[in-house]
Amino acid sequence: MAVRTPDPDPEPDDDGLAGYAAATPAPGSNPGWLSEFELEEARRRLPMLYVEAIPVRTDGSGVVTEIGILLRSTPMGEMTRTIVSGRVRFGETIRDALFRHVENDLGPMAFPLLPPQPLPFTVAEYFPIPGVSAYHDDRQHAVSLAYVVPVTGTCEPRQDALEVTWFTPEEAGSDAVAAEMEGGRGTLIRQALANLGLLR
């Protein structure tokens, strides 16, 4: 089964790169977005930088009570589970990339709580060759900064996600859920749970 990190369509009105005016191409286009040809060329030569977010809900004392995992359909019609994920654009801060991808995948009413300077709980390396690490992406070598992101609003999946399922920490760390996760992300969920002190 081909496993990939998602590539949402470019957002023409998301220019956020005003400081790079000298490199700005035609009006309305995003200088941080590569054409399909340029992206394939870059993937053959460079590791790609991603952010991944595991959305969580907490109780009044800040203890994580639920883990949000996306359900999506692959181009082959298979159902898999994944987390919020996407590339960091040229000139974009990690915080802005996290916010953009959480909004893209969970909708504008998710209301993520991002600290001013987010710190990842781990760094995951995805390789196109299976077995090099716990993570696999058949298109590329990708380095991913992984975060736990509390959300306080209503999550309505967008892009290619069909739904967001809320699991208890015990369910999210189970072998059954890990078997449904794409690209080795079950390991990432367990690392997040361990970081939160919730892995049993």
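Q: Which residues does Ile69 touch, not counting residues up to four places away in sequence?
A: This is a predicted model. Ile69 belongs to the largest nonpolar core, where Ile69 is among the residues that touch the most other members. Outside the excluded sequence window, the residues touched by Ile69 are Arg81, Thr82, Glu163, Val164, Thr165, Phe167, Ala172, Val177, Met181 and Ile189.

Q: Which elements each supply at least two residues of the largest nonpolar core?
A: The largest nonpolar core holds 25 residues, and Ile54, Ile67, Ile69, Ala172, Leu188 and Ile189 touch the most other members. At least two residues of this core come from each of α1 (36–45), β1 (48–58), β2 (64–73), β5 (122–127), β7 (142–150) and α5 (185–195).

Q: How many residues does the other core, which lies apart from the largest one, contain?
A: Among the members of this other core are Ala53, Val84, Leu106 and Cys155. Its residues number 18.

Q: Is Met79 buried, partly exposed or exposed?
A: Met79 lies in strand β3, which spans residues 79–82. Leaving aside neighbours within four places in sequence, Met79 is in contact with Leu71, Arg72, Ser73 and Leu162. Buried requires under 20% relative accessible area and exposed over 50%. The relative accessible area of Met79 is 45%, so Met79 is partly exposed.

Q: In what order do the elements of the chain run from the N terminus on?
A: The chain has five helices and eight strands. From the N terminus on, their order is α-β-β-β-β-α-β-β-β-β-α-α-α.

How values were computed: Residues numbered from 1 in each chain as written. Predicted model: local features only at pLDDT ≥ 70, side-chain atom pairs only at ≥ 80, totals over all residues. Heavy atoms only, no water. Helix = DSSP H or I, 4+ residues; strand = E, 2+ residues; numbered from the N terminus. Buried < 20%, exposed > 50% of the residue type's maximum accessible area, 1.4 Å probe, protein only. Contact = heavy atoms within 4.5 Å. Core = buried A, V, L, I, M, F, W, Y, C linked by side-chain atoms within 4.5 Å.
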